[in-house]
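Got your viewer open? Let's walk through this one stop by stop, selecting as we go.

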Amino acid sequence: MSTIYYTACSLDGFLATEDHGLEWLFPLADIRDTSFPAFFETVGALAMGASTYEWMLRHVVRTPDDPGTSWPYAQPVWVFTHRRLPVIAGADVRFVQGDVRPVHAAMQAAAGERRVWLVGGGELVGQFLDAGLVDEIRVQIGSVTLGRGQPLLPRRFTSPPLKLLSVAQVGSGFAELHYAVPRPA
Ligand SMILES: NC(=O)c1ccc[n+]([C@@H]2O[C@H](COP(=O)([O-])OP(=O)(O)OC[C@H]3O[C@@H](n4cnc5c(N)ncnc54)[C@H](OP(=O)(O)O)[C@@H]3O)[C@@H](O)[C@H]2O)c1
């Protein structure tokens with residue numbers, strides 16, 4: 001039962017543009033060619049921040065104009081926010097705020113033998129890292145630069161360094177890097 005930050009970013013380390021755009025990301029590869037489908041099979045609980053949830057509301061959730069898409073997660077999802085955000089019919093979404101530690105404990109209990117997936121964004125994952133709760137980081141580095149945007153991980157993490165476990169190429173669009181996060185001595 002590990003906790004993993006699994007995500008994709010630009011070569012210069014941004015999850016999204018300044019205005020939360022992800023249009024640059026999807027042309028880089030067919031997601032079915034990446035590690036994501038196998039990874040997703042191992043996920044038992046998800047956490048995301050308000051901006052990521054709002055992106056899902058804008059782009060993924062079924063709307064009267066776009067009946068072809070729907071909430072993609074059968075697993076429970078914890079959304080960190082200080083606001084009242086719209087709820088999605090049929091989605092197991094739990095709104096929380098503040099200290100990530102009790103939320104992580106609840107996520108682990110729900111996930112059982114499966115993984116806890118930290119979806120992002122970077123500052124929220126930084127809070128889990130600060131609390132020593134992240135075991136792995138798997139990031140698809142896209143072959144683009146954005147110049148500015150929402151950061152992958154706004155933390156200084158130098159000593160001990162992350163441990164690189166594997167590198168994989170996905171066409172010309174992605175380098176997938178898999179790291180173990182060392183536990184503090
Ligand atoms: N490239 C990818 O694969 C990928 C993956 C994930 C996300 N994304 C995108 O990257 C962007 C990330 O946006 P972001 O950097 O703003 O991060 P975010 O984590 O999605 O949202 C940040 C917001 O989460 C809430 N939050 C964070 N920690 C909290 C806490 N402890 N308690 C209560 N609320 C808390 C706050 O919202 P409020 O205080 O406003 O409620 C905060 O402003 C989004 O556009 C997302 O779609 C891309």
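Where does H20 lie? Select H20 and you'll land in the loop between β2 and α1, the helix covering residues 36–40. Bear in mind on this tour that you're looking at a predicted model.

**Stop 1: H20**

Keep H20 selected and check its backbone. The phi of H20 is positive, about 65°, even though H20 is not a glycine. Is H20 buried or exposed? The answer falls in between: its relative accessible area is 28%, so H20 counts as partly exposed. Now bring up the ligand too. An N or O atom in the H20 side chain is 2.6 Å from an oxygen atom of the ligand.

**Stop 2: the ligand and its contacts**

Stay with the ligand and select T81 next. A polar atom in the T81 side chain lies 2.5 Å from a ligand oxygen. Then pick A50, and look at the backbone this time: one of its polar backbone atoms is 3.0 Å from an oxygen atom of the ligand. How much of the ligand's accessible area does the protein cover? On its own the ligand has 920 Å² of accessible area, and the protein covers 83% of it. Show the surface if you like: the space that the ligand takes is the largest pocket.

**Stop 3: the shell around the ligand**

Now select everything surrounding the ligand. You should pick up 24 residues, and the closest of them are A8, H20, T52, T81 and H82. Colour the shell by class and you'll get 10 nonpolar residues, 13 polar ones and one charged.

Which elements supply at least two shell residues each? Colour these five: β1 (3–9), β2 (14–16), α2 (50–59), β6 (115–120) and α4 (122–130). Of the contributors, α2 gives the most, with four residues.

**Stop 4: β6 into α4**

Two of those elements, β6 and α4, are worth a stop of their own. Start on β6 and select L118, which is found in that strand. L118 is buried, because its relative accessible area is 2%, and the cut-off for buried is under 20%.

Move along to G121, in the loop between β6 and α4. What kind of peptide bond joins G120 and G121? It's a cis one, with omega at about 5°.

Carry on into α4 and select its buried residues: G122, L124, V125, G126, F128 and L129. Put a distance label between the C-alpha atoms of F128 and L118: these two are 10 residues apart in sequence and 8.7 Å apart in space. After α4 comes G132, with a positive phi near 70°.

**Stop 5: over to β5**

From G132, jump to R94. You'll find R94 in strand β5, which runs over residues 93–96. Its relative accessibility is 34%, so R94 counts as partly exposed. A C-alpha label between R94 and G132 should read 22 Å, for two residues 38 apart along the chain.

**Last stop: P160**

Finish with P160, in the loop between β8 (150–151) and β9 (163–170). Select S159 along with P160 and look at the bond that joins them: this peptide is cis, with omega about 0°. If you want to compare, flip back to the cis bond that joins G120 and G121.

Note on methods
Residues numbered from 1 in each chain as written. Predicted model: local features only at pLDDT ≥ 70, side-chain atom pairs only at ≥ 80, totals over all residues. Heavy atoms only, no water. Near = heavy atom within 4 Å. Polar contact = N/O pair within 3.5 Å; in protein donor to acceptor, adjacent residues only side chain to side chain. Areas by Shrake-Rupley, 256 points an atom, 1.4 Å probe, with all protein chains shown as cover. 1 Å grid on protein atoms, 1.4 Å probe; cavity = no way out; pocket = protein on both sides within 12 Å on 5 of 7 lines; lining within 4 Å. Sits in = over half its atoms within 2 Å of the grid points. Nonpolar A, V, L, I, M, F, W, Y, C, P; charged D, E, K, R; others polar. Buried < 20%, exposed > 50% of the residue type's maximum accessible area, 1.4 Å probe, protein only.
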